[in-house]
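Work through the exercises below with the sequence and the model side by side. Try each task before reading its solution.

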Amino acid sequence: MAATNARDIYASILKEGWDAVLLNHRPSGEQAANDPTVGQFLAEVSAKAGLRNRTFRNYSNCFRTIIAEIFKIQGEGSKFDYRGNGHLQWRTKVDAV
C-alpha cells in the first residue's frame, strides 16, 4: 500500500511538478499545526535515537541537504562557511521548515 502511494506521488511529481503535488498532499489544519519543524525533529531524534554523535551529525547534514533542495533554500558557498555565519544562517533556514 505505501509503495503504491509513493509510486503515485512520484508519478504526479513528474507529471505536474512539486508545487501542484504539495498542494494536494500537504497536511492542513490541526494536523499541520502538530507537525514539527526540521530542527525540532532532529533534536528529538538526537535525544532518543542513541546514535553516536558523528553518525547523527552525518545523517542530519544529509537530511538538511535534502530538505534544502526540496524547498529551494539556497546555500551555495555560504553553506560551507563554518568560520563565519554562512553555515549557521543556512542551517537556521532549513531547521525552520
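The exercises that follow go from the whole chain to single residues.

This is a predicted model, in which local features need pLDDT of at least 70, side-chain atom pairs count only at pLDDT 80 or more, and totals for chains, interfaces and linings use all residues. Residues are numbered from 1 along each chain as its sequence is written, and side-chain values use heavy atoms, with hydrogens and water left out.

**Exercise 1. Confidence and layout**

Task: State how many helices and strands the chain has, and which element has the lowest mean pLDDT.

Solution:
- Step 1. Helices (H or I, at least four residues) and strands (E, at least two) are DSSP runs, numbered from the N terminus.
- Step 2. On that basis there are six helices and zero strands, in the order α-α-α-α-α-α from the N terminus.
- Step 3. pLDDT is the predictor's confidence in each residue, from 0 to 100. Its mean over the chain is 84, with 87% of residues at 70 or more.
- Step 4. Among the elements, helix H3 (residues 29–34) has the lowest mean, 58, and H4 the highest, 93.

**Exercise 2. The length of helix H1**

Task: Check the span of helix H1 (residues 2–16) against the expected value.

Solution:
- Step 1. The expected span of a helix is 1.5 Å times one less than its number of residues.
- Step 2. Helix H1 has 15 residues, so 21 Å is expected.
- Step 3. The end C-alpha atoms of H1 are 21 Å apart, which agrees.
- Step 4. Just after H1 comes Gly17, with a positive phi of about 95°.

**Exercise 3. The largest nonpolar core**

Task: List the residues of the largest nonpolar core and find which element gives the most to this core.

Solution:
- Step 1. A residue is buried under 20% relative accessible area, exposed over 50%, and partly exposed in between (1.4 Å probe, protein chains only). Of the 97 residues of the chain, 19% count as buried.
- Step 2. A nonpolar core is a set of buried Ala, Val, Leu, Ile, Met, Phe, Trp, Tyr and Cys residues joined through side-chain atoms within 4.5 Å.
- Step 3. The largest one has eight residues: Val38, Leu42, Phe56, Ile67, Ala68, Ile73, Trp90 and Val94.
- Step 4. Helix H4 (38–48), H5 and helix H6 (86–95) each give two or more residues to this core. H5 gives the most, three.

**Exercise 4. Two residues of one loop**

Task: Decide whether Lys72 is buried or exposed, and do likewise for Ile73.

Solution:
- Step 1. Lys72 is found in the loop between H5 and H6, as is Ile73.
- Step 2. Lys72 has 59% relative accessibility and so counts as exposed. Ile73, at 18%, is buried.
- Step 3. Lys72 has a positive phi, near 55°, though it is not a glycine. Most residues other than glycine have a negative phi.
- Step 4. Contact means heavy atoms within 4.5 Å. Beyond four places in sequence, Ile73 is in contact with Ala68, Trp90, Lys93, Val94 and Val97.
- Step 5. Ile73 and Val97 are 24 residues apart in sequence, and their C-alpha atoms are 10.0 Å apart.

**Exercise 5. Ser60, Leu42 and Asp95**

Task: Find which residues Leu42 touches and which Asp95 touches, then place Ser60.

Solution:
- Step 1. Leaving out residues up to four places away, Leu42 touches Phe56, Ser60, Phe63, Arg64 and Asp95.
- Step 2. Asp95 lies in helix H6 and, at 17% relative accessibility, counts as buried.
- Step 3. With the same exclusion of residues up to four places away, Asp95 touches Thr37, Val38, Gly39, Leu42 and Arg64.
- Step 4. Ser60 lies in helix H5 (residues 53–70) and is buried, at 4% relative accessibility.
- Step 5. A polar atom of the Ser60 side chain lies 3.0 Å from the backbone oxygen of Arg57.

Notes. A polar contact is a pair of N or O atoms within 3.5 Å; within protein, one must be able to donate a hydrogen and the other to accept it, and residues adjacent in sequence count only if both atoms are side-chain atoms.
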